[in-house]
Amino acid sequence: MHRGERRARRPNVVWSVFMFLVASAVAGALTAGLALPFAGLVGVTTAKAHDSVQYLPQDLETAPLAQKSIIQDAEGHVIATLYQQNRTPVTLKQISPIMLKAIVAIEDNRFYEHGAIDFKGTLRALLRNNSSGGVQQGGSSITQQYVKQSLINKARTPDEVKAATAETYERKIAELRYAIAVEKQMTKGQILNGYLNLAFFGSRSYGVDAAAMHYFGVHAAKLNLPQAAMLAGIVKNPTGYDPIDNPKRAKARRDVVLRRMQELNIITAKQAQDAIKTPVIDPAKVKVVPNGCANSKYPFFCEYVMAKLKENNAFGKTKEERENYIETSGLVIRTSLDLKAQKAAETSIAEHSKPTDDVVGAITMVEPNTGLVKAMAQSRPYGAKKGQTAYNYNVEKSYPGGFGGFQNGSTMKAFTIAAAIARGVPTTYRIRSPQTIDLSGKNFETCNGPTSAANYTPKNSTKTILDPSMVDAARASTNTYFLQLSQQIGLCPIATIANQLGMFDGQLLKPLKQVVSYTLGSAGNVTPLMLSNAYATFAARGMYCSPQVITAITSLKTGKQIPTPGPNCHRVLSPGVADGVNYVLQQVMAKGGTGGKLKFGNSDLAGKTGTVNNNLAVWFAGYSSRLAAASVVADADPRIQDITGQIFNGKTLKASSGSGTAGPIWESAMQLALQGLPSTKFVKADDKIIRGNVKDLPNLKGLTPAAAAAKLLSMGFKAQMDHGARVDSDAPNGTVAWTNPRQEDGAPAGATITLFISNGSKAQPTTPPSTPVTPPVTPPVPPPTIKPPPNVPTCFPGSPQWPKCKHG
């Protein structure tokens, strides 16, 4: 067969197709769904095409429109937009009438006159395609285009997308069958409305309202003639007619639409000319809708919100399904982010650190009694460039961006204090705590039996008195005191409370290890989020709330709320125990305490410093009854090294500490966040919590041992002498310097009080009398040794036997 013969036959085939369509329509076959056999269409279709059309459903099943979701702060301000298709569906009444006329004029001017198929347009397209040797022109009606866009929107796999967009006769005829069903089920207005919400207008804008907002900064209802013409023209080739990248082509296409509208007498010649003279767009009014957390002003917080959203099984079985649902379902996600607190945190970070520092700073702020995460900030900005990071230093490693935390040093002592108070140990309880102690091989009871450490001789990093109380030890962060206290009460009660307050290893996502140095913060890596939230439990008088970043989710489509995990609060500590912890940690913030320089305002504040071995990280965690926060400065880059000597806040750190390095971040952030709010006070701790079940002791300083013993015996106490060397004191030589327990601590009824005798080394010399007096010579009388009577109970807090007692 010659080439010319093949060309001669081709129009006959096209004519056969056209006549088939006409005949089918007349005979009612099309209305019945194009169910006639296609065997007669030799050369146009195949058996596969016949089958694909023969068994197509007659009703078009549409999928919900992909709609953007938004993330809001606590007050409803948008902080991020999430979408696969930037779309805001609107009703027909929310679209400018001139926009409706423009799209009909250029795409299907006989739309209101014909049915599902425009035979003139179809014939014209078939003839054009035949001459070009393929499917080059659609000639589709708006109904057919609506069908095509609906099938594309419904496609979920690459194969389904390919099938929905294939330039084949089979697809075109399948669209015809669906179009017939659509024309039966929907009005022309509904079809046009659906098409304008589905259509792609370029620059990631789907639907006419999103396009109007993007290019012109107005909603679809406010579109004028030249704007409507531009949008109507762009749908044919969104990339080629993009007014931002191709303004000349976009204007030429827009003007074609305007002239077509004039030809159809939709607008006058003057209206057309006036519109043609206007610029295609005003670049200053172009609004780009940022997509995703990376484009949010608060990217780290946003990504943490997304991680929590993806844990919600209501959005799908897998993380991929949940992510797709979140980005396409038109959700309004309200979060806990407080812009005042967030600004305070960011301002503090900027004041005390630099993005280019060798080490990083981070802070999280949490509201007591709710667990609402109010703020989250860090020194390194979000991004992939040098000096930027994708790591969130505030949260656990539960998603790819979570860093997983750092060891937290002595901030762990708060949990030891809580466990001790819960077991009846008063805050006045004293332990002899030298600068260095040898705990090598000493057993510490864990929840799974004893543990010990070989060659362990810890020391204090600060100077302290030899026999500090719990308050004294907290104020000076005395390591040797808290190690001995944790040994006496056991590691299990401490670890149990820490776990109940949300503390776990943020990198391994496992419980903290119950090691001998647990109370010194070497049990694992924790995050500012979990530490601030744990301390918020003390502020809430023992009420623990899981950290919460999502407060509500609403569907834009239905206006209904979608179930999401709400506040999860339950009591972990009794109010009395929490009040006791607050009392102790409040003394840390008093003058002379390690946090004393960080006290501000009139509100009661409590806190604790933390320094990790070798200064790999330093912390400060603290709170009022209104807000809790934890700040950290640490080396986050392998190989992790001592931060001292590295660059922080643009300068070389000559020394680092929890109070001096991380503390100022905490102080500035808290001060700004609480600014303008009424001051708050902690509930006063019960005296039995502070001092135990004790009676007041008399002031015995300066009395002879015999007089002191007699006074104690008269009040129901026992007395004994300390048999060591006399102590330095300003009391006269040979008189009582102090007691154990101390006067201010009190003692249980019937307790034995140890008397320490002064050597008078600090006593003020007396003024000699004007006339010398010769004192009588009497032999020295040694002070009496006072022994407790038999059967006197000795297991009370403060007694030498206390460490050996059972404290259940």
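**Exercise 1. How are helices α10 and α11 oriented relative to each other?**

This is a predicted model, in which local features need pLDDT of at least 70 and side-chain atom pairs count only at pLDDT 80 or more, while totals for chains, interfaces and linings use all residues. Residues are numbered from 1 along each chain as its sequence is written, and side-chain values use heavy atoms, with hydrogens and water left out.

Solution, step by step.

1. Begin with the elements: helices (H or I, at least four residues) and strands (E, at least two) are DSSP runs, numbered from the N terminus. Helix α10 covers residues 225–234 and helix α11 covers residues 247–263, and the two pack with their axes 8 Å apart at an angle of about 110°. The axes are lines fitted to C-alpha atoms, for helices over the stretch in contact, and the angles run from 0 to 180 degrees between N-to-C directions.
2. Classify the angle: under 35 degrees counts as roughly parallel, over 145 as roughly antiparallel, 65 to 115 as roughly perpendicular, and the rest as oblique. The helices α10 and α11 are therefore roughly perpendicular to each other.
3. Add the handedness: α10 passes α11 in a right-handed crossing, where right-handed means that the near helix is turned clockwise from the far one by less than a right angle, and left-handed that it is turned anticlockwise.
4. List the residues: L225, P226, A229, M230, A232 and G233 of α10 meet R253, R254, V257, L258 and M261 of α11, with contact meaning heavy atoms within 4.5 Å.
5. Sort them by class: the contact of α10 with α11 has 8 nonpolar, 1 polar and 2 charged residues. Here Ala, Val, Leu, Ile, Met, Phe, Trp, Tyr, Cys and Pro count as nonpolar, Asp, Glu, Lys and Arg as charged, and the others, Gly among them, as polar.

**Exercise 2. Describe how helix α16 crosses helix α18.**

Solution, step by step.

1. The axes of α16 (residues 413–422) and α18 (residues 479–489) come within 10 Å and cross at roughly 45°.
2. The two helices α16 and α18 are therefore oblique to each other, and α16 passes α18 in a left-handed crossing.
3. On the α16 side the contact is made by K413, T416, I417, A419 and A420, and on the α18 side by N479, F482, L485, S486 and I489. By class, this contact of α16 with α18 has 6 nonpolar, 3 polar and 1 charged residues.

**Exercise 3. Place strand β3 in its sheet, and find whether β3 is enclosed.**

Solution, step by step.

1. The order β2-β1-β3-β9 describes an open sheet of 4 strands with mixed pairing, and two strands pair if DSSP finds at least two bridges between them.
2. At the edges stand β2 (78–82) and β9, each with a single partner strand, so one side of each is left without a neighbour in the sheet. Direction ignored, neighbouring strands of this sheet are turned by 15° against each other on average.
3. Turn to the partners of β3: strand β1 (residues 69–72) runs parallel to β3 and is joined to it by 3 bridges, with I70 opposite V332. Strand β9 (residues 550–555) pairs with β3 in the antiparallel sense over 5 bridges, where L331 stands opposite S555 and R334 has A552 as its bridge partner.
4. Helix α14 (residues 319–328) lies across β1, β2 and β3, running at about 100° to β3.
5. Of the 5 residues of β3 (residues 331–335), 4 are buried, so the strand is largely enclosed by the rest of the structure; buried means under 20% relative accessible area, exposed over 50%, and partly exposed in between, with a 1.4 Å probe and protein chains only.

**Exercise 4. Which strands stand at the edges of the 5-stranded sheet?**

Solution, step by step.

1. The open sheet of 5 strands has the order β5-β4-β13-β12-β11 with antiparallel pairing.
2. Its edges are β5 (373–378) and β11 (606–611), each with a single partner strand, so one side of each is left without a neighbour in the sheet. The twist averages 10° from one strand to the next.
3. For β11, the pairing with strand β12 (residues 617–623) is antiparallel over 6 bridges, and the bridge partner of A606 is Y623.
4. Helix α15 (residues 339–352) lies across β4 (360–366) and β5, at about 20° to β5, whereas helix α21 (residues 575–588) lies across β11 and β12, at about 65° to β11.
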